Amino acid sequence: MKALVLEDDDLFSELLETVVAGVRPGMRVTVARSLAEAFRKTAEADYDLIIADWNLPDGSGLDLVRSLRSDNKAMPIVIVSARADRESVLRAAHYGINGYITKPVDVRVLHQRLTGLLAEAPAGVPPVSDYLAAALTTVTQLPTDLNPSEILELTERQSELSASQLAERWRDQPALTLRLLDVANSASFRRSGEPVETVRDAISLIGVAMALSQALALSLDVSSHIHHPPLRTLAETYHHKALGVARSAQALSLRLKKQPAPFQQAGLLSRLGEMAVIKVLDEYSAQGGALEDGVEKQLLQEWTAPFGNRLKVHWRLPLGQRELIGAVHSLASDCTREDQLLMRAAALDAEEATGVAEYLRLLRRLGLKEPEHKEIRQP
């Protein structure tokens, strides 16, 4: 299914995108930030859901509703507006909308309304390769273990929380880490041109309230957990690998007297390609798509690199962060950059390959003492 979000506020559009993407497995979300852009996108493609702001820099979202309703009476359309008076609600209802949500948005209410609207909508299932190719052109959310009740508890006492406290609490959550960096860099690039590289800085930029809203939206994602058994096993394996690299990178960075956060986060995101493919395949299965025995690993080998490379760009990860992630998997023999040497050593350490000659060479190049009583094995 495809949805269009028409909203000119960067942070709010990112929140709407997160909520809408989690309403139904396989939902693909496109964002338009002006009325003209929305008209262009709806002329180029068909959508199954429209979320439109009322007030826009170049007009009213109701103009889009009126145009769409002239051809399509059944497509769900929801207006989001800061106008809460009865006259405005009745005026919007006159255009044949299916819902009216007032700002500030209650994430739970919006999620429930959209879920109800799409409950009976049919979902077609193309061949798995076509499904993956389509997903590659959109932003895919990663699986998350966030508990909605815990996020709601944090929301109730958000005035007591700092960016540092939330960053520490969420340090082992790759999906949320990635989403917060994505949102912060979206706003940051437009304001200062300087990328945000740590979760703490991301939360500081967008605010604790918005960070909690993003966390709640992710926790409500109907496909946040992997349901297909073989895919669930693979997800657990890759998540464990990523946590291992993050822990090793943190330890090595401290030994080198470096700020550990960027290295820890690069390790946490080092399996984002695999996790994205697993999430998409699970959505495919949830929609009735058939996955033959053993095909998951084959599809991972084929699609992990394209997803990893494309999504690093989609999620606006800073170049330095991308390079650290890339070093986890491979490193040029003539590389001299200490940060990348550190990440490659952390990856080998996490694989318990600390006796491998490459690992020992990396430690020497980093100026670190070699581990004692390790058998040196050639790779």
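This is a short walk through one helix, the loop after it, and two helix pairs.

A word before we start: this is a predicted model.

Let's begin with H17. Helix H17 runs over residues 338-350, which is 13 residues. From first C-alpha to last, H17 reaches 18 Å. That is close to the 18 Å expected at 1.5 Å a residue.

Which residues of H17 are buried? The list is Gln340, Leu341, Leu342, Met343, Arg344, Ala345, Ala346, Ala347 and Leu348. Note that Arg344 is on that list, and so is Gln340.

What covers these buried residues? The cover includes four helices: H12 (229-255), H13 (261-268), H16 (319-329) and H18 (357-366). Keep H13 and H16 in mind; we come back to that pair.

Now step off the end of the helix. Just after H17, Glu352 takes a positive phi, about 55°. Next look at Ala353, in the loop between H17 and H18. Is Ala353 buried or exposed? Its relative accessibility is 10%, and the cut-off for buried is under 20%, so Ala353 counts as buried.

Now a jump across the model. Ala353 and Gln214 are 139 residues apart along the chain. Their C-alpha atoms are separated by 37 Å. Residue 214 falls within H11, residues 208-219, and that takes us to the first pair.

H11 packs with H7, residues 148-156. The angle is about 165°, and the axes are 9 Å apart. An angle over 145 degrees counts as roughly antiparallel, so that is how H7 lies to H11. The crossing of H7 and H11 is left-handed.

Who meets whom here? From H7 we have Pro148, Ile151, Leu152, Leu154 and Thr155. From H11 come Leu212, Ala215, Leu216 and Ser219. By class, the contact of H7 with H11 has seven nonpolar residues, two polar and no charged ones.

As for spacing, an α-helix has 3.6 residues a turn, so residues three or four places apart point the same way.

Second pair: H13 and H16, both part of the cover over H17. They pack at about 60°, with axes 9 Å apart. H13 and H16 are therefore oblique to each other. Their crossing is right-handed.

On the H13 side, the contact residues are Pro262, Phe263, Gln265 and Ala266. On the H16 side, they are Gln321, Leu324 and Ile325. By class, the contact of H13 with H16 has five nonpolar residues, two polar and no charged ones.

To recap the two crossings: H7 with H11 is left-handed, and H13 with H16 is right-handed.

Terms used
Residues numbered from 1 in each chain as written. Predicted model: local features only at pLDDT ≥ 70, side-chain atom pairs only at ≥ 80, totals over all residues. Heavy atoms only, no water. Expected span 1.5 Å × (residues − 1). Buried < 20%, exposed > 50% of the residue type's maximum accessible area, 1.4 Å probe, protein only. Contact = heavy atoms within 4.5 Å. Axes fitted to C-alpha atoms, helices over the stretch in contact; angles between N-to-C directions. Parallel < 35°, antiparallel > 145°, perpendicular 65-115°, else oblique. Left-handed = near helix turned anticlockwise from the far one by under 90°. Nonpolar A, V, L, I, M, F, W, Y, C, P; charged D, E, K, R; others polar.
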